[in-house]
Amino acid sequence: MRGLLDRFAADPSGEWSEVMDHLCPQLDTAFPASYAALPRLADIAIACSPDDLAWVLLAAGATASCSPGLSESDSPLTVYSAPIGVLNRLTDRRLSRTVEAEEYVNLLQALLSFEGVEIWDRCLDGLQSGEYEVGCPYCGVSMFIVIGQEESFCCSDDYALGEAEKLPLQPMRTQDLDGLARRLFTRALADGQAGLAHGIAFLFGRAVCSDCGTDFSVAERVVAGWIP
């Protein structure tokens with residue numbers, strides 16, 4: 001691992017794929033050696049150029065997202081709290097300077113992973129793709145939640161075919177956002193990511209099942225369908 005990380009330090013963008021194959025395969029599996037690499041990744045992040053920093057932070061964020069939560073006494077998030085604190089601060093600073101929406105969402109997930117925020121440190125990318133798939137809490141039918149700039153809706157059929165019944169999503173009112181939802185919304189606006197803030201309001205809003213008419217929380221169904 002040491003030699004691989006040395007090559008990564010020299011060329012983060014060029015070596016990222018190979019590093020992740022060893023550090024965090026499929027971006028959802030990490031090993032004791034992966035967590036032990038976090039101090040080295042923090043050192044690389046401190047020393048690397050601004051152009052390469054995002055690659056390092058995303059590698060560390062993916063690794064941290066696989067860690068058991070802070071409630072576990074031997075969680076890597078606790079064992080490696082010092083380097084994770086460094087990575088957290090660097091990510092926080094980088095976010096405010098990131099313009100490209102996809103990179104912003106990925107870094108925002110990394111920030112949450114360093115803080116031990118579970119599920120949402122991997123589920124925000126649906127805001128970038130514009131789609132979540134959830135199950136109705138009443139009838140169990142699988143539904144598409146589509147969050148876009150032009151329209152945001154729920155449907156149980158493939159909307160790409162153009163024949164699906166689309167029921168509009170209801171965004172959470174700004175004044176009603178609280179907890180993590182308010183924090184994400186406020187942060188996105190402050191960083192100039194108005195499109196993302198728009199999506200967050202819908203993600204934490206409500207939908208209606210097009211099959212049985214049940215009203216439900218979008219975010220709750222995203223969490224309910226999460227598979228570690």
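1. The second largest pocket of this predicted model has a lining that divides into eight nonpolar, five polar and four charged residues. Its space comes to about 230 Å³. Of the 17 residues in that lining, Ser65, Cys66, Ser67, Glu118 and Arg122 are the closest to the centre of the pocket. Two elements, H5 and H9, each give two or more residues to the lining of the second largest pocket.

2. The largest pocket holds about 630 Å³ of space. Its lining has 23 residues, and those nearest the centre are Leu27, Leu58, Ala62, Asn106 and Gln109. Helix H5 (50-65), H8, H9 and helix H10 (125-129) are the elements that give two or more residues to this lining. H5 provides the largest share, with seven residues. By class, the lining of the largest pocket consists of eight nonpolar, seven polar and eight charged residues.

3. Leu27 deserves a separate look. This residue is among those nearest the centre of the largest pocket, and it sits in the loop between helix H2 (12-23) and helix H3 (32-36). Its phi is near 60°, a positive value in a residue other than glycine. Is Leu27 buried or exposed? Leu27 counts as partly exposed because its relative accessibility is 42%, and the partly exposed class covers what falls between under 20% (buried) and over 50% (exposed).

4. Ile119 also has a positive phi in a residue other than glycine, with a value near 70°. The loop that holds Ile119 runs between helix H8 (101-114) and helix H9 (120-123). Both H8 and H9 are among the elements that give two or more residues to the lining of the largest pocket.

5. The next point is the sheet. Four strands make up an open sheet, in the order E1-E2-E3-E4, and their pairing is antiparallel. Strand E1 (131-135) and strand E4 (167-168) are the edge strands, each pairing on one side only. In general, strands of a sheet pair through backbone hydrogen bonds, either parallel or antiparallel.

6. How many bridges join strand E2 to strand E3? There are four between E2 (residues 142-147) and E3 (residues 152-155), and the two strands run antiparallel. One pair can be located in the structure: Ile147 has Ser152, in E3, as its bridge partner.

7. A helix packs on this sheet. Helix H12 (residues 194-203) lies across E1, E2 and E3. Relative to E2, helix H12 runs at about 150°.

Definitions and conventions. Residues numbered from 1 in each chain as written. Predicted model: local features only at pLDDT ≥ 70, side-chain atom pairs only at ≥ 80, totals over all residues. Heavy atoms only, no water. Pairing = 2+ DSSP bridges. Contact = heavy atoms within 4.5 Å. Axes fitted to C-alpha atoms, helices over the stretch in contact; angles between N-to-C directions. Buried < 20%, exposed > 50% of the residue type's maximum accessible area, 1.4 Å probe, protein only. 1 Å grid on protein atoms, 1.4 Å probe; cavity = no way out; pocket = protein on both sides within 12 Å on 5 of 7 lines; lining within 4 Å. Points joined across faces, edges and corners; volume = space filled by probe spheres on them. Nonpolar A, V, L, I, M, F, W, Y, C, P; charged D, E, K, R; others polar.
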